[in-house]
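This report describes how domains within single chains meet one another. Please read it alongside the sequence and the model.

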Amino acid sequence: MKKMNSILKNKLYLILVFSLILTFVLCQTNLVWADAKKVVKIGFIDPLTGNCADLGIGAKNSAELAILQANASGEFPYEIKLVAEDDASDPATGVAAALKLCSDPDVVAVISHFNSAVALATVHTFHRFGVAQIMPSSIHPDITRGNDYKEVSRICADNIAEHNFGIDLVVDKLGHKKWSSIYDTSSYGDNCNNNFKKVLGERGGILLSEDGISVGTKDFRPILNKIKGLKPEAIYFGGLTTEAALCKRQMHELGMDDIVFFGVTGLDSETFNEIAGPAAEGTIIVGKLALGEDSDFVKAYKAAGFSEPYEATGPYAYDAIGIILEALKKVGPDRKAIVDYIADPDFEYHGVIGLTKLDEDGQSVTGGLTLKVSRNGKWVPWSE
Amino acid sequence: MVLVINQVITGLMLGIMYALIASGFSLLFGVLNVVQFAHADVCFLGAFVSMAVMTFLSKIEFFPTWLVIFLTVVSAVLITGLIGSIVEKICVKPFRKSPGLIILLSTVALGFIIREGIKIFYPSGASPKLFPLSFPQWAFSMGGVTVRFSNIMIIIIAGIIYFLLSIFINKTKIGLQIRATSQNVEAAQVLGIDLDKIFMITFFLASTIGAVAGILNGIYYNIVKFDMGLMGGIIGFSAAVMGGLGNVYGAIIGGLILGIVESFTMAFVPGGSPYKEIFAFIVVVLFLLFKPSGILGKKVIEKV
Amino acid sequence: MSNLNNGSNDYSQTLYKKISYFLTIIVTEVIIFYMFINFLSSKGIDYRLFLLILPIIAFFILRGNQKITNLVKESYSRCNSFSVIFMILLLVFIPFLFKDNSYLLHICIMSGLYLIIALGLNIQLGSTGMVNFAFAAFFGVGAYASALLTINFNFSFWLGILAAIIISAVFGLLIGSLTLKSTGFYYALVTMAFQIIFHLLVNNLRFTGGSGGISNIPFPTIGKYSFSSSLNILGINLPFQANYYYLVLAVVLFSLYLAKRLYNSRTGLIWNAIREDEIAAKCQGININKGKLEASAIGAIFGGMAGPIYAHYISFISPESFTFHFSVVLICIVILGGLDNILGVIIGAVLLTVIPEKIRFFAEARMLFYGIIIILVLIFKPQGLIPERIRKYNFFKF
């Protein structure tokens with residue numbers, strides 16, 4: 001009996017040991033399954049979920065389009081793949097995604113981040129791993145100007161440039177001197193407000209009031225009631241589309257249509273006109289580049305059959321990928337060589353957004369900005 | 001002074017929304033002695049249901065606009081009521097014997113399911129949605145004080161709802177049964193009241209009121225977003241606690257106080273608008289410290 | 001003569017037994033460890049996840065066998081300290097396995113941190129029956145306290161972690177004391193309010209960096225050795241995450257020890273009594289207020305302890321990491337694993353940190369899944385994966 005038991009025990013041990021060994025052996029088989037054709041990966045991190053998801057998805061589609069075209073062109077001896085990660089507009093998630101991409105040796109460069117807060121958090125990671133990071137759309141000045149990492153570059157205009165551009169028109173040409181500012185207290189809105197104040201002060205405007213609101217606020221009437229009493233000539237909104245559109249809509253309700261409503265690129269989305277409805281009429285913004293319906297990029301995007309619009313971020317993401325592809329062509333799939341190629345002072349790239357030329361901080365000195373005004377429920381380029 | 005009156009009006013609007021949500025919390029707590037935390041999510045689900053119904057109905061061309069609007073509101077309210085009773089079946093009924101906090105947990109989880117469900121399954125549900133209904137833009141001004149048609153309509157609608165609710169609770173047989181259950185569950189059971197039915201009806205009732213709150217919210221603020229239920233739930237719960245959990249009239253007072261506190265914070269505290277919820281919560285905590293039973297609540301002595 | 005024979009027989013018997021215990025422990029733990037490694041290194045849903053099924057099937061086959069289960073149970077109760085030491089040895093080995101993949105180490109660190117916070121939550125939600133929705137806020141209080149102190153006042157990381165623990169304990173006490181007079185619902189409400197207030201404050205205040213958060217939080221140092229440099233052990237270069245991995249491992253072990261001691265202590269018993277029936281507990285002469293305050297303070301301490309490690313590891317914190325959602329994730333961990341069960345909390349924390357990283361569709365609808373998990377577990381398995389055990393008071397060993 002005792003013997004039986006011990007045999008039985010041994011048998012069960014055997015099963016256990018056997019399953020362990022089997023697991024181990026099977027685990028090693030992935031070595032056999034590995035690569036057939038060499039793959040070069042380009043990383044992509046943007047908010048694919050959360051508040052800014054529509055902008056992130058637009059950028060992702062455009063980046064995919066660029067890569068699709070590159071693979072189809074047959075100019076590369078390897079397959080190029082886009083590895084898209086989600087940062088959900090959250091810096092910690094962004095850092096985790098950046099770590100994930102940088103740990104993958106096949107990833108040669110990364111296009112990343114709509115949100116400046118996320119970008120500020122991840123630049124250190126990319127620097128540490130020596131991976132080129134091209135920012136198509138985050139606009140906090142410090143991302144490029146606050147460090148001396150040559151891995152980091154940005155192809156859109158930064159916040160200060162945007163405000164200079166806009167205030168040229170509304171203060172100097174249209175002559176609106178008395179302002180009230182409403183801004184959301186996210187880092188984007190906060191920066192907008194600070195840069196706006198600075199630029200406005202330089203041009204001799206007067207700021208009557210400034211009010212911070214939290215993102216997600218839907219009732220602006222208490223603030224607008226107060227501002228109405230101050231009688232400003234124009235209201236500046238530092239924030240994103242939803243809040244801005246609600247604010248403009250409620251201004252209309254409170255009979256404040258004679259006050260000019262002005263904002264920068266954060267408002268540049270057709271969602272603004274959709275939510276604000278007829279109240280949107282006359283809103284002036286500094287917009288990102290407006291592409292004609294007949295441009296190659298727009299046509300190709302339509303032909304590719306993405307269900308989402310390319311949004312304001314699309315062309316920039318497309319160009320960012322274009323820059324990396326050009327670098328791949330010139331110097332090959334090597335992280336360091338790509339970083340050096342982009343950081344070269346003679347670097348120039350002609351793409352959808354026009355000429356891209358970077359200064360010593362890796363900040364684009366060009367980056368296509370357009371003034372836009374809302375007419376009949378659409379953004380149209382400003383004309384005198 | 002003009003500014004103060006204008007702020008009171010905006011605060012009152014916000015307060016009515018809160019009050020409508022808080023009444024649901026109180027009604028449910030009164031009868032079931034549980035906190036249905038997903039209640040606010042059910043309310044805003046009402047707004048989304050009405051949007052979906054409206055899109056569907058406006059495809060039928062021969063319906064006149066007024067009929068579309070009428071059908072939209074009625075069916076959205078009824079559907080939300082039904083969803084409320086389904087919620088009772090899933091999240092409350094299995095736990096009727098467990099401690100009340102288990103129901104709180106399960107309904108918090110349900111709230112997440114509703115919110116994320118809208119976000120994922122409603123067409124582009126992650127971005128804010130423009131609400132298709134709105135009141136006419138009529139308004140009259142008197143010495144700077146502007147009263148809009150929408151303000152008056154919201155007050156009237158809320159009045160009608162509370163009037164109907166009080167008639168239902170006080171004058172009908174089911175209302176009597178609900179009151180009996182809320183006083184003493186065991187005694188009500190002994191008297192032959194069908195608890196399952198009462199619970200279902202209460203959930204239906206609370207959810208219909210909530211749907212009206214959700215739709216009014218959409219109409220007044222022009223926008224609905226999937227995650228509004230979270231803050232709405234916490235503030236609505238707070239308002240109900242302030243008024244005395246279980247007392248519907250207390251919930252109204254609590255809601256109005258919180259609404260006015262928020263709107264005053266935005267207008268009169270310099271740089272205070274991002275902190276408006278904090279001021280509301282401070283008021284709530286003060287109530288918890290100095291009058292834990294709420295404004296109209298009775299002091300409960302726990303018996304074994 | 002026969003006596004002597006017997007003695008040597010006994011001796012060889014015990015030796016044989018001892019060896020079989022050790023072997024059982026080694027085999028089972030290596031299997032568990034191996035499953036964990038496979039689970040961690042699988043990419044999405046791939047064959048390695050299916051390999052996990054093998055040991056699980058083996059487990060279910062062997063579970064019916066009385067002899068084996070007895071053997072396993074006996075070996076773990078007799079050679080408790082050996083099992084713990086062996087597991088620690090295996091865990092120490094992890095950075096060497098993942099030395100080329102710092103991302104997997106990152107996941108390990110995160111699940112360790114989640115585990116620490118969840119242990120704190122377990123004290124309140126599991127042991128005392130207080131539903132706390134503010135654990136993300138306690139975590140955040142710790143993270144912000146340490147980050148601000150090290151940046152603005154040149155505190156060292158170690159002093160920062162101490163300060164973070166004290167500050168979060170104070171907040172825990174404050175919240176607990178606000179609701180002493182009222183029922184559990186009010187505690188839940190106040191913690192929700194605290195969670196929202198914390199998020200709003202750090203999101204809007206100037207000195208916490210607003211929604212941009214705080215970046216460039218200094219790395220911890222020991223003497224001249226900075227945690228940002230890569231760790232070199234026996235000539236093997238480990239990524240810099242290994243430093244944090246060992247730090248987190250140490251803190252996790254300390255927290256587990258603390259949690260276990262608390263669970264077995266009189267305090268733990270008092271907490272259970274309060275959870276089961278407050279009035280009955282009061283009649284037994286238990287000071288309920290004291291018990292509740294202890295639970296709120298000690299629970300908060302665990303959250304406050306994890307915060308600084310997170311802040312200094314990521315070297316960046318922002319309000320978005322400390323939201324209501326995160327609190328609910330923690331609640332989900334505790335409920336899934338099993339209320340008032342430390343082993344359950346471990347399993348819950350590991351499962352719920354690794355799965356979202358692995359399975360893409362899970363990550364996108366994360367909160368939806370957490371909600372569904374909570375409701376399903378509450379309905380079908382209210383005790384969680386590992387049910388609460390009946391207390392044993394014949395041995396107090398870890």
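## Domains of chain C

In this predicted model, the C-alpha centres of domain 1 of chain C and domain 2 of chain C are 31 Å apart. Domain 1 of chain C covers residues 1–89 and domain 2 of chain C covers 98–380; the bounds come from an automatic or database domain assignment. Nine residues from domain 1 of chain C and twelve residues from domain 2 of chain C make up the contact, where contact means heavy atoms within 4.5 Å.

Residues are numbered from 1 along each chain as its sequence is written, and chains are lettered from A and ligands numbered from 1 in the order in which they are written. Local features need pLDDT of at least 70, side-chain atom pairs count only at pLDDT 80 or more, totals for chains, interfaces and linings use all residues, and side-chain values use heavy atoms, with hydrogens and water left out.

## The interface in chain C

Domain 1 of chain C and domain 2 of chain C bury about 900 Å² between them, with 85% of it on carbon and sulfur atoms. Buried area is the accessible area (1.4 Å probe) that two parts lose on being put together, summed over both. On the domain 1 side of chain C, F39(C), L40(C) and I88(C) supply 56% of the area buried against domain 2 of chain C, more than any other three residues.

The rule finds zero salt bridges across this interface (a side-chain nitrogen of Lys or Arg within 4 Å of a carboxyl oxygen of Asp or Glu). The count of residue pairs in polar contact, both at pLDDT 80 or more, is also zero. A polar contact is a pair of N or O atoms within 3.5 Å; within protein, one must be able to donate a hydrogen and the other to accept it, and residues adjacent in sequence count only if both atoms are side-chain atoms.

## Domains of chain A

Chain A is divided into domain 1 (2–33), domain 2 (39–157 + 292–367) and domain 3 (160–290 + 371–381). The C-alpha centres of domain 2 of chain A and domain 3 of chain A lie 29 Å apart. In the contact between them, 14 residues of domain 2 of chain A meet 14 residues of domain 3 of chain A.

Domain 2 of chain A and domain 3 of chain A bury about 1,100 Å² between them, and carbon and sulfur atoms give 63% of this area. Zero salt bridges are found across this interface, and the count of residue pairs in polar contact (both at pLDDT 80 or more) is zero.
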